[in-house]
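Let's take a walk through this assembly together, starting where two of its chains meet. Have the structure open as you read.

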4 protein chains.
Amino acid sequence: MKLLRVTVWNEFIHERQNDDVRKVYPNGIHQTIADALGRHPELAVKTATLQETDQGLGQSGLDSTDVLLYWGHAAHDEVSEEAVLRLQKRVLDGMGLIVLHSGHYSKIFKRLMGTTCALRYREAGERERIWNVNPGHPIAEGIGEYIELEQSEMYGEPFGIPHPEEQVFISWFQGGEVFRGGSCWTRGSGRIFYFSPGHEIYPIYHNPQIQRVLFNAVCWVRPQGRRAEVPLHVPVENALEKISAQGAVMHDREGRLTR
Amino acid sequence: MKLLRVTVWNEFIHERQNDDVRKVYPNGIHQTIADALGRHPELAVKTATLQETDQGLGQSGLDSTDVLLYWGHAAHDEVSEEAVLRLQKRVLDGMGLIVLHSGHYSKIFKRLMGTTCALRYREAGERERIWNVNPGHPIAEGIGEYIELEQSEMYGEPFGIPHPEEQVFISWFQGGEVFRGGSCWTRGSGRIFYFSPGHEIYPIYHNPQIQRVLFNAVCWVRPQGRRAEVPLHVPVENALEKISAQGAVMHDREGRLTR
Amino acid sequence: MKLLRVTVWNEFIHERQNDDVRKVYPNGIHQTIADALGRHPELAVKTATLQETDQGLGQSGLDSTDVLLYWGHAAHDEVSEEAVLRLQKRVLDGMGLIVLHSGHYSKIFKRLMGTTCALRYREAGERERIWNVNPGHPIAEGIGEYIELEQSEMYGEPFGIPHPEEQVFISWFQGGEVFRGGSCWTRGSGRIFYFSPGHEIYPIYHNPQIQRVLFNAVCWVRPQGRRAEVPLHVPVENALEKISAQGAVMHDREGRLTR
Amino acid sequence: MKLLRVTVWNEFIHERQNDDVRKVYPNGIHQTIADALGRHPELAVKTATLQETDQGLGQSGLDSTDVLLYWGHAAHDEVSEEAVLRLQKRVLDGMGLIVLHSGHYSKIFKRLMGTTCALRYREAGERERIWNVNPGHPIAEGIGEYIELEQSEMYGEPFGIPHPEEQVFISWFQGGEVFRGGSCWTRGSGRIFYFSPGHEIYPIYHNPQIQRVLFNAVCWVRPQGRRAEVPLHVPVENALEKISAQGAVMHDREGRLTR
């Protein structure tokens, strides 16, 4: 069986600089997630961080990745424009992308969505209840009516995203807000899933149900088909139906604009 | 009655450099479109071009525009990143945007879509039949079963766009292709309509039915509501439901991340 | 100015049989809503109830209605199949439909959605906070970040609907649930808005913000274009491109299937 | 490995009554499709027809079906309301449904869509080119830029369907029309794919590429998750957050409406 190649990318800053975070994720959020996913024999999981060569987002690494999970918070601005463009191209060509928690504000998510991706937030360790609004969706497989987190950061509406193509989860917060925290999109040949739980100060990625959602999401965003080979110039003589050229032209025979 | 403020933006290059195009649009594509829209008393129409200050996309001009039509082809790369970001922000804040023909490859359209926006093309002066697949849609008001153009540039599938939120027109081409040439999206508080007919070598914007679609589209993309004021930090004491903070924190009282 | 013709339909049962409901809506829910909408001079508002001829859903009444609001709860089963089919046809031909509260379980809503339209519910007079998740949408015009109802019936996810085409409101409930209570669809040439608040035991339709949403929704679902004239048989000699018939046929010259 | 249980349902009328059709499908359209799908070892394929007990749509047969393909044309009216309701419930509970060609006008498709499902048509044995507009979609796997059929029945826009949730194919016709002939929806926990090619007078289901699409579609619509257990009454004392009941009530303790 061909293994699905998964890369868990993390900016890996808070876990090194903040004692509270280090206690929760001593080897980094990426390692906790990679360990959880690695228990599934059909996945080949590796990790990458901002501190590595090419910010952990080099071409060869991306080319050998089927699904990338992305966690960032403090260093969104430090991710280079080149890395973002490489990532975007790989997604459009078919790589699955799972954007986690504060990754909502990453360059790559904003680039793929085209919107602000802004939201309302509060850090009070309050209760979050992640409702499964789509029990028939593959990402909800094995999940009951809801997942309850005793301590979570509030992310609230309005969330500055394009209308999701599928809605899997909507969160309820003790302090009074709601949030579309499990949302799906397709961009080019790539699938994207945003999953909001995962504030670094709480042990959310240690939760087995959260780990199950991540595994389901990896399976759902995995590359589905091929990428489109475009742009494509079609010379008149290659038209599928026989036609003859008429009128003036702006392009040369290779389809290049003549200015 | 408050007039809807419309700006027709054009890169305005081919009409000045190419005799064939100049014959069709002696004062520029923007002027032909502006003249057509200007016959509607509820619109206040102005034009702007790449050659003007701030590339015709300065902040004050955008701030006084409710709907912007965008035509570009040869000079997409010359539009500055700053202009693109200003345009994007205005759209997200509610300004309507109509992207025309070769504008599919403009920086602003690719930025708002997040995809390649690539397509198949052929310049043979062939017949295009623009089918009205959504007779109940406001953009199709007054349009019959189809619009027929005796000479058009072929734009064909696959078109590298996110799945449209509404489909108004799909084109048939004599040479054998189809194209989703009338497509709708919402980004933030702004509406976007892409309309594919409009190759500069043919008199397409002189066609009364095409002009009708443009007018309908202006009305449909007009600003609808208000923009969301986000991101928004909510201090614990301002939570709508009474809660008390628990656990460690990563943000200060103003919601700034402490690194 | 041509007035928009609005009909508020109500099964009108609980207000006549239950003292608690009668106190809140002495003349029926329909009258309270009609009074609120009637203050807008651009609307011509009438009411209809299940007790009237043709269950208040006769052909001539529907034909002279641009937008119909529908409230039902106890008597869904009593609405005749004929009335449902008339309603459905009018919506597909362009009439706007606003389905209110327990109307989620009406025959017409289930018919237009194709799904169970089932939900979770609890009647405890608890607090509901209706979040405006789409501030740029016309139905949210004039509405702030949320509408708060001190007493409401809980409607909770999963809600058995097709994925909404646009999401305007999502509700938070004190008891711990969330609900997609402000959702939009298009069916044929007709627009549909479902709005969940409105349990008959609480004075929800007296709330000015709720009334504002209803007015906005009436404007949004109003007929937009024309209906499609189909099915349509196209004889070979009427094809838009010249073709000649080939092979055996199953239909006669008028397009009737020969069995 | 657990086999996917597929049922190919056919009204099976024209193949028995019309010589031209019998030559193309001597054992019925269902048998040709079943033979093609049966070559995939992961599928367990059976057939059913209108002439069988319970019209081939009995409860036990449906309960042991994961994916049902549906072909009908002449006898849509003969399918009983009970069979339609059984089918609808199975789809909402998770069974995949593939509606073929003239099945666009079946009771079950109209019931799940909520719309007319009407279209434009012409039977002239003309050329159809089925464009793959979504190369990254699983249903397009192994399919190139397009599938060409030398002889097909024209189905044209406007097609009376709700906006598809995903668009996989759009057809071009020699006579001048276009058609959204490969479209996806979700209803409840069930996935639906409509695929337009398949007029009984042409050997379309013998085409290996068409067979590939059918196989891909079977895989794509296969049951994904579980069905939602609703409606569900939540007594106040079972609320997830502690609340106390306030105000009058319309329901008894079991959630039954008291009239």
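## The interface of chains D and A

In this predicted model, chain D and chain A bury about 1900 Å² between them, and carbon and sulfur atoms give 46% of that area. Three residues deserve a look here: D:Arg226, D:Leu240 and D:Glu241 supply 29% of the area that chain D buries against chain A, more than any other three residues.

Each side brings its share of residues to the contact: 24 residues come from chain D and 24 residues from chain A.

## Salt bridges and polar contacts

How many salt bridges cross the interface of chain D and chain A? The rule finds 4. One of the residues to zoom in on is A:Glu241, which forms a salt bridge with D:Arg127; the closest N and O atoms of this pair are 2.6 Å apart. Between chain D and chain A there are also 4 residue pairs in polar contact, counted with both residues at pLDDT 80 or more.

Which element gives the most to the side of chain D that touches chain A? That is strand S5 of chain D, covering residues 120-132, with 4 residues. Sorted by class, this side of chain D has 10 nonpolar, 6 polar and 8 charged residues.

## How chain D relates to chain A

If you would like to try a superposition, chain D can be laid on chain A by a turn of 180° with a shift of 0.0 Å along the axis, and the RMSD is then 0.0 Å. This is the relation of a two-fold axis. To find that axis on screen, go to D:Glu165: of the residues of chain D, its C-alpha comes closest to the rotation axis, at 3.7 Å.

Why can the copies be said to meet through the same surface? The reason is that 100% of the interface residues of chain D are also interface residues in chain A.

## How chain D relates to chain C

Chain C is worth a visit too. A turn of 180° and a shift of 0.0 Å along the axis lay chain D on chain C with an RMSD of 0.0 Å. Here D:Gly114 is the residue of chain D that comes closest to the rotation axis, at 2.8 Å for its C-alpha. Both copies use the same surface, as 100% of the contact residues of chain D recur in chain C.

## Confidence in the model

A final word on the prediction itself. Chain A averages a pLDDT of 95, and 98% of the residues score at least 70. For the complex, the predictor gives an ipTM of 0.95 and a pTM of 0.96. Where pLDDT is low, the predicted coordinates should not be read in detail.

Key:
Residues numbered from 1 in each chain as written. Chains lettered and ligands numbered in written order. Predicted model: local features only at pLDDT ≥ 70, side-chain atom pairs only at ≥ 80, totals over all residues. Heavy atoms only, no water. pLDDT = per-residue confidence, 0-100. Contact = heavy atoms within 4.5 Å. Buried area = accessible area lost by both parts, 1.4 Å probe. Salt bridge = Lys/Arg side-chain N within 4 Å of Asp/Glu carboxyl O. Polar contact = N/O pair within 3.5 Å; in protein donor to acceptor, adjacent residues only side chain to side chain. Helix = DSSP H or I, 4+ residues; strand = E, 2+ residues; numbered from the N terminus. Nonpolar A, V, L, I, M, F, W, Y, C, P; charged D, E, K, R; others polar. Least-squares fit on C-alpha atoms with pLDDT ≥ 70 in both.
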